Amino acid sequence: MGAPRILVAEDDGPIREIVVHHLARDGFAPIEAPDGATALRIARDGTDLIVLDVGLPGVDGFEITRTLRREGRQTPVIMLTARADEIDRVVGLELGADDYIAKPFSPREVVARVRVVLRRAGARYVPGPRVLRFGRLEIHEAAREARIDGVDIGLKPREYQLLRALAENVGIAMSREALLRQVWGYDFDGDDRTVDVHIRRLRQKLVEGHGLAECFQALHGYGYKFSPA
Ligand code: CA
């Protein structure tokens with residue numbers, strides 16, 4: 001697991017930057033959002049904790065928290081509130097926020113609260129997206145990208161999903177049917193060769209295009225195994 005990913009949703013640029021700066025300095029991986037819609041999108045991609053300004057343009061902090069909880073997401077939320085009546089609402093409503101901090105605050109206080117809330121949330125904490133690493137190849141779940149030497153190699157969505165399905169089961173033989181089910185879904189009615197076609201494209205991009213060692217082992221009459229060098 002890498003550093004905990006902390007979404008900092010705050011429209012006030014200087015406040016956002018100082019919080020981000022302090023989080024990064026203390027070993028967290030902050031991600032910034034300047035408005036409600038961006039915050040919601042990033043939150044749905046999965047982060048480990050959200051520092052959430054109540055007064056965001058677009059979708060406000062209350063609505064974001066309600067939406068995430070309604071969708072069953074238990075990502076811990078620390079709300080930043082500017083006014084006494086906002087504090088009353090944070091405390092009074094069953095929003096599912098984990099803590100709040102009243103403005104003005106010190107960035108150190110935010111970092112300290114982030115630590116406490118993350119620790120407290122540990123038991124029900126579901127890890128955010130991962131980065132799978134195989135030498136020069138990295139699979140970034142949050143960005144849905146495969147990168148070689150740090151550069152996105154531009155996989156199509158199915159190619160990415162197929163690579164991830166194989167990479168999650170590194171060294172394990174995967175049948176064509178299992179891969180079809182996982183990547184294309186139960187109601188896909190194409191044939192088994194679909195998998196072969198996409199493996200060929202992955203080979204073209206990874207092995208031929210970028211000089212990666214052969215890592216897709218074909219298992220005759222069965223399927224494939226991901227065996228990176
Ligand atoms: Ca604000």
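**Notebook: cores, calcium site and a helix pair**

I began at Phe-216, which, leaving out residues up to four places away in sequence, touches Leu-163, Leu-166, Ile-199, Leu-202, Arg-203, Leu-206, Lys-225 and Phe-226, contact being heavy atoms within 4.5 Å. I note that this is a predicted model, in which local features need pLDDT of at least 70 and side-chain atom pairs count only at pLDDT 80 or more, while totals for chains, interfaces and linings use all residues. Residues are numbered from 1 along each chain as its sequence is written, and side-chain values use heavy atoms, with hydrogens and water left out.

I then looked up the largest nonpolar core (buried Ala, Val, Leu, Ile, Met, Phe, Trp, Tyr and Cys residues joined through side-chain atoms within 4.5 Å), which has 29 residues, and found that Leu-163, Leu-166, Leu-206, Phe-216 and Phe-226 touch the most other members. Helix H6 (157-168) is among the elements that each supply at least two residues, and H6 gives the most, with six; helices here are DSSP runs (H or I) of at least four residues, numbered from the N terminus.

Next I turned to the calcium ion, which is coordinated by Asp-11 (OD), Asp-53 (OD) and Gly-55 (O) at 2.2 to 2.4 Å; donors are N, O and S atoms within 2.8 Å of the metal, or 3.2 Å for Na, K and Ca, and the site may look incomplete since water is not among the atoms. Asp-53 is buried, at 3% relative accessible area, whereas Gly-55 is partly exposed, at 39% (buried is under 20%, exposed over 50%, partly exposed in between, with a 1.4 Å probe and protein chains only).

Last, I checked where helix H1 meets helix H5, and recorded Ile-18, Val-19, His-22 and Leu-23 in H1 against Pro-107, Val-110, Val-111 and Val-114 in H5.
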